[in-house]
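Work through these exercises with the structure in view. Try each task before you read its solution.

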Amino acid sequence: MAPRANWKGFLRLSLVTCPVALYPATSESEKVSFNQLNRKTGHRIKYAKVDADTGEEVDNEDIVKGYKVDTDTFIEVTKEELENVALESTRTIEIDEFVDRSEIDPRYLIRPYYLTPDGKVGHDAFAVIRETIREMNKVAIGRVVLTNREHIIALEPLDKGLMGTLLRYPYEVRPAEEYFDDIQDVKVTKDMLDLAKHIVNQKAGHFEPDKFEDQYETALIDLINQKRAGKPITAKARPRGENVVDLMDALRKSIGREGAAGPAAPKKSGKKPRKAAAGQKEMLMPIAGKKPAKETAAKKPAAKPQRKSA
């Protein structure tokens with residue numbers, strides 16, 4: 001079942017308009033998540049919204065947003081006042097310009113979305129916009145309002161649809177000079193560069209995401225499975241970093257090690273891994289706790305799907 005659209009509205013290129021839906025292109029729901037518990041009782045922790053001065057709990061209808069002016073001064077802004085901040089792009093992605101993909105600084109990229117026609121109408125107009133962007137080999141730049149905020153969005157063809165990537169505003173990107181000014185100017189010799197290039201050539205490959213495994217996620221699943229099986233947990237030895245005394249010697253040794261190891265080959269399996277959790281290990285199914293039958297039936301188990309190693 002496809003996820004619910006984050007946004008629905010219209011995509012417009014001059015006088016060409018079509019209804020579209022915006023879906024998240026990524027998900028972190030497969031990752032292991034934890035709840036906070038009371039160590040003494042094992043019960044979940046519940047957070048209450050309280051007045052910072054009186055300590056009394058505050059009802060949701062009495063909570064408003066406030067902009068902090070100084071330590072004790074806030075400007076209250078109501079929900080109605082925020083809704084009155086009219087934005088023309090609330091329900092329309094207006095394509096403002098077309099740029100080369102290479103001109104978009106990677107620091108401005110936030111997260112990707114899938115853009116599809118919404119409903120049975122508008123497929124022709126959507127195809128015209130998509131193929132025009134494809135044929136011109138450009139990226140369309142527009143604006144979209146998500147969670148009451150206006151974002152810049154870059155649109156480019158992806159198969160039969162469009163991929164929209166939210167972009168940051170200039171004030172959100174920190175200048176690199178603040179961090180790089182103190183880096184020393186070091187002259188790299190040709191010999192060192194040749195050795196480093198040789199290492200790169202030994203490690204050369206192609207970008208294949210299916211080969212990647214989230215090792216931390218796998219370790220978490222192993223930890224949970226061991227604890228549920230009642231196995232003792234022992235701390236693993238952490239690898240120690242070596243001090244580099246001779247850089248040339250370290251480069252030569254690296255070449256020897258990479259040459260002996262050879263290129264890493266992806267593990268093969270007779271079964272096809274699940275798309276949502278490729279390369280991850282299997283998570284044990286939940287063990288029913290000591291809860292009343294009604295409560296157990298009412299709530300879905302907060303278990304992750306089975307994960308099989310690739």
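**Exercise 1. A pair in a helix**

Find the distance between the closest N and O atoms of Asp194 and Lys190, and name the kind of contact they form.

Step 1. The closest N and O atoms of Asp194 and Lys190 lie 2.8 Å apart.

Step 2. Apply the rule: a salt bridge is a side-chain nitrogen of Lys or Arg within 4 Å of a carboxyl oxygen of Asp or Glu. Asp194 and Lys190 form a salt bridge.

Step 3. Place the pair. Both residues sit in helix H4 (residues 190-202), and because they are 4 residues apart, about one helical turn separates them. Helices here are DSSP runs of H or I with at least four residues, strands are runs of E with at least two, and both are numbered from the N terminus.

Step 4. Check exposure. Buried means under 20% relative accessible area, exposed means over 50%, and partly exposed is in between (1.4 Å probe, protein chains only). Asp194 has 33% relative accessibility, so Asp194 is partly exposed. Lys190 has 60%, so Lys190 is exposed.

Step 5. Look for a network. Salt bridges with shared partners join Asp96, Arg143 and Glu150 into one network. In one of its pairs, Arg143 and Glu150 meet at 3.8 Å, N to O.

**A note on the model**

This is a predicted model, in which local features need pLDDT of at least 70 and side-chain atom pairs count only at pLDDT 80 or more, while totals for chains, interfaces and linings use all residues. Residues are numbered from 1 along each chain as its sequence is written, and side-chain values use heavy atoms, with hydrogens and water left out.

**Exercise 2. A pair across the chain**

State which parts of the chain the salt bridge between Glu156 and Arg101 links.

Step 1. The closest N and O atoms of Glu156 and Arg101 are 3.4 Å apart, in a salt bridge.

Step 2. Glu156 belongs to strand S8 (residues 149-158). Arg101 lies in the loop between strand S5 (92-99) and strand S6 (109-117). The two residues are 55 residues apart, so the pair links distant parts of the chain.

Step 3. Glu156 counts as buried because its relative accessibility is 16%. Arg101, at 36%, counts as partly exposed.

Step 4. For the whole protein, the count comes to 11 salt bridges.

**Exercise 3. The two sides of a helix**

Work out whether the length of helix H5 (residues 215-228) agrees with the expected span, then sort its residues into buried and exposed.

Step 1. The expected span is 1.5 Å times one less than the number of residues. For the 14 residues of H5 this gives 20 Å, and the end C-alpha atoms are 20 Å apart, which agrees.

Step 2. The buried residues of H5 are Glu217, Thr218, Leu220, Ile221 and Asn225. They cover an arc of only 160° around the axis, so they lie on the same side of H5. The arc is taken from the directions from the helix axis to the C-beta atoms.

Step 3. Gln215, Tyr216 and Lys227 are exposed on the other side of H5.

Step 4. Inspect the ends. Asp214 caps the N-terminal end of H5, with a side-chain oxygen 3.3 Å from the backbone nitrogen of Tyr216. Just after H5, Gly230 has a positive phi of about 75°.

Technical notes:
Polar contact = N/O pair within 3.5 Å; in protein donor to acceptor, adjacent residues only side chain to side chain.
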